[in-house]
Amino acid sequence: MTIAVFIGSLLGVMALGVPIAFALLASGVALMWHLDIFDSQILAQNVIGGADSFPLLAVPFFMLAGEIMNVGGLSRRIVDLALALVGHVKGGLGYVTIMAGCLLSALSGSAVADAAALTALLLPMMVAAGHKKSTAGGLIAATGVIGPVIPPSIGLVIFGVAANVSISKLFMAAIVPGLMIGGALWLTWAWLVRREKVVPPPRKSAQDIAIAFRKALWALMLPVIILVGLRMGVFTPTEAAVVAAAYALFVSTVVYRELKLSQLYAVFVSAAKTSAIVMFLIAAAMVSAWLITVADLPAKVVEMLQPFMGNKILLMAAIMVLVMVVGTAMDMTPTILILTPVLMPLVRAAGIDPVYFGVLFIINNSIGLVTPPVGTVLNVVAGVGRMKMDDVTRGVIPFMVAEFLIMFLMVAFPALVIVPARWFGG
């Protein structure tokens, strides 16, 4: 009955068109009434406490870094380097999209920011070259999924805070899985374009490649600084976010000189608005997280999944299917905040590595960003690329299937995540 009250009130309020943050507060109030513990002070304390977290400071700073990169020319130089390297092969612009997506993921950590940048820069070029607009849009949307996986990742930060798991270990563990998703997209694109008769642009000379690399070098140094700094213990993930924002601001204003002082206000306001939405969502979700613990919902979920407890792989597969279903109707951040306090006791009771689970959980939630009907990234690509939502959805399906296959491959073979994580994490 408790689960029915929580889920029913949440979905009912969302069906009325209420924003998800307020829907979470409403479901929390409904659960409080059901448990006969309603207290407005407890509600307010949990909302304030939910946002009062030092590690969560990484979220606004990574978002600010992403805004600065897009306006300051770092994103465009990454795309230009990828064009110089692989733009000349058959279907080269698709490979450019995937390569640029992986590099941008190591800069911003936001699927929406990466998808918007890639759509604006590459979709017109792909259509002009003769690629189907729906397929090109689908590839760009699917590539945006890599953003929350390869560190730095806003999704991993939120999960780490909600699950009390080391964010640094999550970052190190997500590197190889993110690259595997990129490899899956590469193979899928190669299969789709094998019969196309698109004439690629001429091969760039070694001098052109060297020039593109020199121009992009400052942008490429950012993920190196962040990952090496985290690996060597120079700074925490929160401090890494500040370093990313400060470095991007320095490069954009002093080195590339594409970000004017007159543009800074608009950039900061845009990042602040996005950060405010995410932080209020996190704060509201903490009310539900506290009530989930009080109502002992994790124990009820453990009871439901008891038949799978004896087999870690089957249990992980069952959890991933559950998250897939939720991801079709809910955005990434609320899914993380709602399901993490429910699933983590189950994961720990089964003896599953929390870092391994966190990486797969975030991958699943990231793919949910291109899963219709909600699909936030699908909406971004459709909006920026002036496409119909149906066309983007049709184009993303083969890439989405490839991403789910890679995810379940990691479920079947945990060593694909655990072994590289131990190597990178020391």
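**Exercise 1. A charged pair in helix H19**

Explain why Asp 391 and Arg 394, given their places in helix H19, are about one helical turn apart.

*Solution.* Asp 391 and Arg 394 are three residues apart in helix H19, and therefore about one helical turn separates them. An α-helix has 3.6 residues a turn, so residues three or four places apart point the same way. In this predicted model, the side chains of Asp 391 and Arg 394 meet in a salt bridge, with a distance of 2.8 Å from N to O. The next step is to classify the two partners by accessibility, where the partly exposed class lies between the limits of 20% and 50%. Asp 391 is partly exposed because its relative accessible area is 25%, and Arg 394 is likewise partly exposed, with a value of 49%.

**Exercise 2. A network of salt bridges**

Work out which residues are linked with Arg 76 in a network of salt bridges, and describe where Glu 258 and Arg 76 lie in the chain.

*Solution.* Begin with the total for the structure, which holds four salt bridges. The network links Arg 76, Arg 77, Asp 80 and Glu 258. Side chains of opposite charge can pair when their charged atoms come close.

Take the pair within helix H5 as the next step: Arg 76 forms a salt bridge with Asp 80, and their closest N and O atoms are 3.8 Å apart. Because these two residues are four places apart in helix H5, about one helical turn separates Arg 76 from Asp 80. Arg 76 counts as partly exposed at 33% relative accessibility, and Asp 80 is partly exposed with a relative accessible area of 35%.

Then consider Glu 258, which forms a salt bridge with Arg 76 in which the closest N and O atoms are 2.2 Å apart. This pair links distant parts of the chain, since Glu 258 sits in the loop between H12 and helix H13 (261–294) while Arg 76 belongs to helix H5, 182 residues apart. Glu 258 is also partly exposed, with a relative accessible area of 26%.

**Exercise 3. Leu 81 and its contacts**

Decide whether Leu 81 is buried or exposed, and list what it touches beyond residues up to four places away in sequence.

*Solution.* Leu 81 lies in helix H5, which covers residues 74–86. The limit for a buried residue is under 20% relative accessible area, and Leu 81, at 6%, therefore counts as buried. With residues up to four places away in sequence left out, Leu 81 touches Ile 209, Ala 212, Phe 213, Ala 216 and Leu 220. For one of these contacts the separations can be stated: Leu 81 and Ile 209 are 128 residues apart in sequence, while their C-alpha atoms are 7.0 Å apart in space.

**Exercise 4. A nonpolar patch and a buried threonine**

Identify the residues that make the nonpolar surface patch of about 640 Å², and then state how the accessibility of Val 228 is classed and how that of Thr 238 is classed.

*Solution.* The patch is made by Phe 213, Leu 217, Met 221, Val 224, Val 228, Met 232 and Val 234. Val 228, one of its members, lies in helix H11 (residues 206–231) and counts as partly exposed at 46% relative accessibility. Thr 238, found in helix H12 (residues 237–255), is instead buried, with a relative accessible area of 6%. Not counting residues up to four places away in sequence, Thr 238 touches Phe 54, Pro 55, Leu 57 and Ala 58.

**Exercise 5. Helix H18 and its cover**

Name the buried residues of helix H18 and give helices that are among their cover.

*Solution.* In helix H18, which spans residues 376–384, the buried residues are Val 377, Leu 378, Val 380, Val 381 and Ala 382. Their cover includes helix H7 (111–129), helix H8 (133–144) and helix H19 (389–412). Just after H18, Arg 386 takes a positive phi of about 50°.

**Exercise 6. The protein as a whole**

Explain why the radius of gyration of the protein agrees with that of a compact globule.

*Solution.* A compact globule with 426 residues would have a radius of gyration near 22 Å, and the protein has 21 Å, so the two agree. The C-alpha atoms fill a box of roughly 70 × 50 × 45 Å along the principal axes. The protein has 20 helices and zero strands, and 54% of its 426 residues count as buried. Among contacts between residues at least 6 apart in sequence, 79% join residues at least 24 apart. Finally, the protein exposes about 17800 Å², of which carbon and sulfur atoms supply 69%.

Conventions: Residues numbered from 1 in each chain as written. Predicted model: local features only at pLDDT ≥ 70, side-chain atom pairs only at ≥ 80, totals over all residues. Heavy atoms only, no water. Buried < 20%, exposed > 50% of the residue type's maximum accessible area, 1.4 Å probe, protein only. Contact = heavy atoms within 4.5 Å. Patch = residues over 30% accessible without salt bridge, like charges linked within 9 Å, V, L, I, M, F, W, Y side chains within 5 Å. Areas by Shrake-Rupley, 256 points an atom, 1.4 Å probe, with all protein chains shown as cover. Rg over C-alpha atoms; globule rule 2.2 N^0.38 Å.
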